[in-house]
Amino acid sequence: VLAMLVKSFIRLLKQFALVMLLFPNMVLPAGSYDGVWLGDETLSIPLQGISETGQTVTIIYQDAPDSLWIVKQEFQNLENAIPLQLLKQDGRWVLPAPTVDTVFGYEVAISSLYFEFTSLTQLLGSYNLTYTVGSAPYSGSGALSHTKQSCATLPPSTQLVNLSGLEGSLRCYGFQLPSCTSLFRVTTRNGSGDVNLHAVYG
């Protein structure tokens, strides 16, 4: 059961993923690390002999020089995800306190997490977490190496066509939203297969 759970966590891009970034008109400048990051990630649970590697996505929004927010499907329920805040300490970005969420019906507790940007386009990270399956806890660790993706900024009322993609592919688009915006809608239609749409406001 645990092996199946880990595989479901790590194989995140088995569907075509369409990522929308929504940029508000605001005084604060965009953060240096804002955007979508994609790359390899390895999740290991040594006591169970489990180690899985796959491509994963991290969405990042930096709101201050020493604060940024991330969304990751490995340990967050994206249907109601609250971004995790990381604070800058000694040149690295760290989770200030442990956090717990329920993903795919299982409790996932993150005890530690850090990110280090080796450049404006390269990210290294690691974390320690515990899955609870039934009443049994299983400790594990993860490591990732991600590259920042290029996202095209589109004008309002844009219609995109021919968006079909291969299994595991990703496309990213951004929209500039006026500060008075009360409704923003994205719709997809036609095509075949499965698509995951992730939108982040920042």
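**Around H146, β2 and the cores**

User: Leaving aside neighbours within four places in sequence, which residues is H146 in contact with?
Analyst: This is a predicted model, where local features need pLDDT of at least 70, side-chain atom pairs need 80 or more, and totals for chains, interfaces and linings use all residues. Numbering starts from 1 along each chain as its sequence is written, and side-chain values use heavy atoms, without hydrogens or water. Contact means heavy atoms within 4.5 Å. Beyond those neighbours, H146 touches W37, L38, G39, D40, E41, T56, V57, T58, K72, T121, Q122 and L123.

User: Is H146 buried or exposed?
Analyst: H146 belongs to strand β10, residues 136–148 (strands are DSSP runs of E, at least two residues, numbered from the N terminus). Its relative accessibility is 0%. The cut-offs are under 20% for buried and over 50% for exposed, with partly exposed in between (1.4 Å probe, protein chains only). H146 is therefore buried.

User: Which residue is the bridge partner of W37 in β10?
Analyst: W37 is one of the residues that H146 contacts. β2 and β10 run antiparallel, joined by 8 bridges; strands pair if DSSP finds at least two. Across from W37, the partner in β10 is K148.

User: How many bridges pair β2 with β3?
Analyst: β3 spans residues 50–64, and β2 pairs with it in the antiparallel sense. One facing position sets S44 opposite S51 in β3. The count of bridges between β2 and β3 is 11.

User: Which residue in the turn between β2 and β3 has a positive phi?
Analyst: The two strands form a hairpin, with 4 residues between them. In that turn, a phi of about 70° belongs to G49.

User: How many of the residues of β2 are buried?
Analyst: β2 runs from residue 35 to 45. The strand is mostly covered. The buried count is 9 of its 11 residues.

User: What kind of aromatic pair do Y33 and W93 form?
Analyst: The whole structure holds 3 aromatic pairs (Phe, Tyr or Trp six-membered ring centres within 6.5 Å; planes under 30 degrees stacked, over 60 edge-to-face, the rest tilted). For Y33 and W93, the centres lie 6.3 Å apart and the planes meet at 80°. That makes the pair edge-to-face.

User: How far apart in sequence are the parts that this pair ties together?
Analyst: Y33 is in the loop between β1 (16–24) and β2, while W93 is in strand β6, residues 92–94. Both are buried: Y33 has a relative accessible area of 16%, and W93 is at 2%. Together with W37 and F117 they form one aromatic cluster. The pair therefore ties together parts separated by 60 residues.

User: Which strand supplies the largest share of the largest nonpolar core?
Analyst: This core (buried Ala, Val, Leu, Ile, Met, Phe, Trp, Tyr and Cys joined through side-chain atoms within 4.5 Å) has 23 residues; I60, L68, I70, L86, L113, F115 and F117 touch the most other members. β2, β3, β4 (67–71), β5 (84–89), β8 (106–117) and β9 (122–133) each give at least two residues. Another core of 7 residues lies apart from it, V36, L38, V57 and L170 among them. In the largest core, the top share, 5 residues, comes from β8.

User: What is the phi of D90?
Analyst: D90 sits in the loop between β5 and β6. At 83% relative accessible area, D90 is exposed. Most residues other than glycine have a negative phi. The phi of D90 is positive, near 55°.
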